[in-house]
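I opened this notebook to keep a record of what I looked up, going from the whole chain to a single residue. The sequence and structure come before my entries.

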Amino acid sequence: MLEMIEWVAGWSREAPEPDAGIVAMCEGSVLRSETGWLHVWSDTEAHLAEGAEPVYVGRLGDRPVYVAELAGPGQRPALEPVHLREVFLTADEATAAMVGTAAQVAQWWRDHRFCGRCGEPTGYHPSERARWCGGCNIPWYARVAPCVIVVIRREGQMLLARSVRAHTHFYSLIAGFVEAGESAEQAVAREVMEETGLQVTNIRYCRSQPWPFPHQLMLGFFADYVGGELVLQRDELVHADWFRPGELPPVPPDATIAGRLIRAMEEEIKADEIRAEETGG
């Protein structure tokens with residue numbers, strides 16, 4: 001059995017050594033070579049985009065990893081630009097986490113080159129992953145937007161839906177951003193009501209996942225249907241319906257939090273049905 005290499009996000013101001021790993025970004029895509037997602041700093045240094053610099057993002061096993069924005073891909077036909085979503089749908093967990101971290105850090109580093117308060121250029125924070133404005137004496141941290149995503153259960157079924165913005169044929173879950181002044185549980189109830197017209201109860205946290213589209217933290221929940229008729233918010237959802245385990249439409253893979261929540265709810269429903277049969281309930 002192959003040993004999985006661990007990915008650990010981190011921060012450092014140290015410049016990359018020649019053999020450091022580089023996640024290469026270009027015009028919003030990740031660049032992949034024949035050998036994979038990680039490139040070597042000594043091979044990529046000469047191809048940096050104008051004004052770009054490598055930024056440390058963590059370690060893959062024992063290897064330090066940086067992210068760098070490269071110039072237009074036309075000069076390097078051996079590198080294939082890949083949409084970030086494809087990485088999450090096809091890569092292993094450690095690679096997806098590494099590339100996702102790199103993409104978020106790269107965008108934050110690019111978007112906060114200047115102070116949002118006074119407009120002056122920002123630089124490295126002396127001790128944290130932050131950009132520092134010396135004029136205002138304030139740090140600018142990487143932005144993280146909390147979102148909720150929920151699998152809703154009605155007896156032995158779960159609600160699955162297709163988004164109007166879906167890039168695939170998958171059915172997924174109800175999701176949305178947490179608004180100012182809301183708890184995550186309140187956001188779940190509001191998003192479900194807005195998008196489906198349904199009321200839910202017994203909202204319970206399950207798991208989370210960083211989601212770099214562009215800088216979200218997905219908070220995954222289970223909830224139970226309590227009332228209401230299914231009325232879709234048409235600018236959000238194309239279709240939604242109730243499905244039983246074993247009869248599901250195509251759903252996201254387990255690399256995504258949606259896929260993991262759906263699988264977990266399948267197992268919960270099956271376990272409850274087995275217990276009911278054993279007890280004659």
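The entries below follow the order in which I looked things up.

Entry one, the whole chain. I began by noting that I am reading a predicted model, in which I found five helices and 16 strands. When I took the principal axes as a frame, the C-alpha atoms filled a box of roughly 70 × 50 × 35 Å. I then looked up burial and found that 44% of the 281 residues count as buried. For contacts between residues at least 6 apart in sequence, I noted that 64% join residues at least 24 apart.

Entry two, surface and charge. The protein exposes about 14900 Å², and I noted that carbon and sulfur atoms supply 51% of this area. I counted 25 positive and 41 negative side chains, with the centres of the two sets 2 Å apart.

Entry three, the largest pocket. I looked up its volume, which is about 980 Å³. The pocket is lined by 34 residues, and those closest to its centre are Arg85, Ser163, Ser172, Ala175 and Trp211. Among the elements that give two or more residues to the lining, I wrote down α2 (84-90), β13 (174-177), β14 (199-211) and α5 (257-279).

Entry four, one residue in a loop. I turned to Glu17, which lies between β1 (7-9) and β2 (21-26), and asked whether Glu17 counts as buried or exposed. Glu17 counts as exposed because its relative accessibility is 52%, and the cut-off for exposed is over 50%. Finally, I noted that Glu17 and Ser29 are twelve residues apart along the chain, while their C-alpha atoms are separated by 24 Å.

Methods
Residues are numbered from 1 along each chain as its sequence is written. This is a predicted model: local features need pLDDT of at least 70, side-chain atom pairs count only at pLDDT 80 or more; totals for chains, interfaces and linings use all residues. Side-chain values use heavy atoms; hydrogens and water are left out. Helices (H or I, at least four residues) and strands (E, at least two) are DSSP runs, numbered from the N terminus. Buried means under 20% relative accessible area, exposed over 50%, partly exposed in between (1.4 Å probe, protein chains only). Contact means heavy atoms within 4.5 Å. Accessible areas come from the Shrake-Rupley method with a 1.4 Å probe; for residues, only the protein chains shown count as cover. Lys and Arg count as positive and Asp and Glu as negative; His and the chain ends are not counted. The place of a charge is taken as NZ of Lys, CZ of Arg, CG of Asp or CD of Glu. On a 1 Å grid over the protein atoms alone, a cavity is a set of points where a 1.4 Å probe fits but cannot get out, and a pocket is an open set with protein on both sides within 12 Å along at least five of seven lines; lining residues have an atom within 4 Å of a point. Grid points are joined across faces, edges and corners, and a volume is the space filled by probe spheres set on the points.
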